Amino acid sequence: MPGKTLRDEVKEIQAQLAKLQKRLESLEGLEERPTARIRTYIDGFDDLIGGGIPRGHVCLLSGPSGAMKTSIALNLLTRNSENGAQALYISLEETKESLQETMRSMGLSEDSDFIVDVGRLRTEHEDMEETGDWIEVLKDFITKRKRYRKVDLLVIDSLTGLYSLAGLDEPHRDLFHFFAFLRNLGTTSLFIFDQGEEGVYPNREDSIADGLFHVGFHRLQDGSVGLKLRCAKLRHTKHSMDYHELRFENGRFLVGPLPSSSL
Ligand SMILES: Nc1ncnc2c1ncn2[C@@H]1O[C@H](COP(=O)(O)OP(=O)(O)O)[C@@H](O)[C@H]1O
Ligand SMILES: [Mg+2]
């Protein structure tokens, strides 16, 4: 270029390099910053709840038996693990083998390192069995695991199972402290809750949870039965309250509008 010395050109290139360097640093920063929300991996549903569950929240997934609560939770953990999250699934009712079978039938990856069942907890905490303080057993297990591995995401399946094991004297208070413990760890937690009738929370669990999701059945006039899902509460989020039809198709959960003929 006329009038430009070699020195000018070098300066220009250096300035551009510095700009690129800054851009790169900001992009790296973005990658390192954990996303603010945990996706549920139910297609269409994350958009209805602001992108997912806010990080660090303690939520309940409630509904009747057979409404695919366990399947939803296994899918959520597997998909998030595949994307780098450290997950822990504590099963208080089903064995690890039974959950692995569910994962196989759903076409989920065979990697089930994140599942710990009640049998393993019992062998690792023989001394605790006498006191019967199962919340302490869980806290202890999670704390120990955190020493060598992060726990970004936790599922307890189920809270109902925890109640039968623990025989808590003051469930509301005990749960309040347990939820606070989990929030302090920065873990995003999902408690599965077996609930025959929607909205029935015997120990006011709904008031201390940050989020409530409900799955249930819907019936069509032709007698067929399908699944429905709604978010009943999610702190810090503007969300839809409505029920949506929930389906599991081609290895993915998705929501769509509830059929108008639904009873
Ligand atoms: N691969 C699958 N596709 C569709 N539905 C399935 C599949 N595997 C299991 N189910 C359904 O899910 C039900 C059990 O799901 P599960 O997650 O254990 O329910 P919950 O934990 O709510 O009791 C089964 O009764 C079956 O109807
Ligand atoms: Mg279940």
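Helix α4 (residues 96-106) lies across β5, β6, β11 (244-249) and β12 (252-256), and its direction is at about 145 degrees to that of β6. Helices (H or I, at least four residues) and strands (E, at least two) are DSSP runs, numbered from the N terminus, while axes are lines fitted to C-alpha atoms, for helices over the stretch in contact, with angles running from 0 to 180 degrees between N-to-C directions. Contact stands for heavy atoms within 4.5 Å.

This is a predicted model, in which local features need pLDDT of at least 70 and side-chain atom pairs count only at pLDDT 80 or more, whereas totals for chains, interfaces and linings use all residues. Residues are numbered from 1 along each chain as its sequence is written, chains are lettered from A and ligands numbered from 1 in the order in which they are written, and side-chain values use heavy atoms, with hydrogens and water left out.

The sheet is open and mixed in its pairing, with ten strands in the order β2-β12-β11-β10-β9-β4-β8-β7-β5-β6. Its edge strands, β2 (42-43) and β6 (115-117), each pair on one side only; two strands pair if DSSP finds at least two bridges between them. Strands β5 (residues 87-91) and β7 (residues 153-157) run parallel and are joined by five bridges, and Leu 88 stands opposite Leu 154 in β7.

Ligand 1 is surrounded by Pro 64, Ser 65, Gly 66, Ala 67, Met 68, Lys 69, Thr 70, Ser 71, Ser 105 and Phe 248, where a residue is near a molecule if one of its heavy atoms lies within 4 Å of it. This shell divides into four nonpolar, five polar and one charged residue, and helix α3 (residues 69-82) gives the most to it, with three residues. The classes count Ala, Val, Leu, Ile, Met, Phe, Trp, Tyr, Cys and Pro as nonpolar, Asp, Glu, Lys and Arg as charged, and the others, Gly among them, as polar. Polar contacts of the ligand (pairs of N or O atoms within 3.5 Å) include the following.

| Ligand 1 atom | Protein partner | Distance |
|---|---|---|
| oxygen | polar backbone atom of Gly 66 | 2.8 Å |
| oxygen | polar backbone atom of Met 68 | 3.1 Å |
| nitrogen | polar backbone atom of Ser 105 | 3.2 Å |

Taken alone, ligand 1 exposes 580 Å², of which the protein buries 59%, by the Shrake-Rupley method with a 1.4 Å probe.

Met 68 is placed in the loop between β4 (58-63) and α3, and has a positive phi of about 70 degrees although it is not a glycine. A cis peptide bond, with omega about 10 degrees, joins Asp 157 and Ser 158, and Ser 158 lies in the loop between β7 and α8 (159-166). Most residues other than glycine have a negative phi, and most peptide bonds are trans.

Lys 233 is in strand β10 (residues 225-234). Its side chain reaches the backbone oxygen of Asp 206 at 2.8 Å, and, leaving aside neighbours within four places in sequence, Lys 233 has contacts including Ser 207, Leu 212 and His 239. Gly 251, in the loop between β11 and β12, is in contact with Arg 79 and Met 106 when its neighbours within four places in sequence are left aside. Gly 251 and Leu 108 are 143 residues apart in sequence, yet 7.5 Å apart in space, C-alpha to C-alpha.

Definitions and conventions. A polar contact is a pair of N or O atoms within 3.5 Å; within protein, one must be able to donate a hydrogen and the other to accept it, and residues adjacent in sequence count only if both atoms are side-chain atoms.
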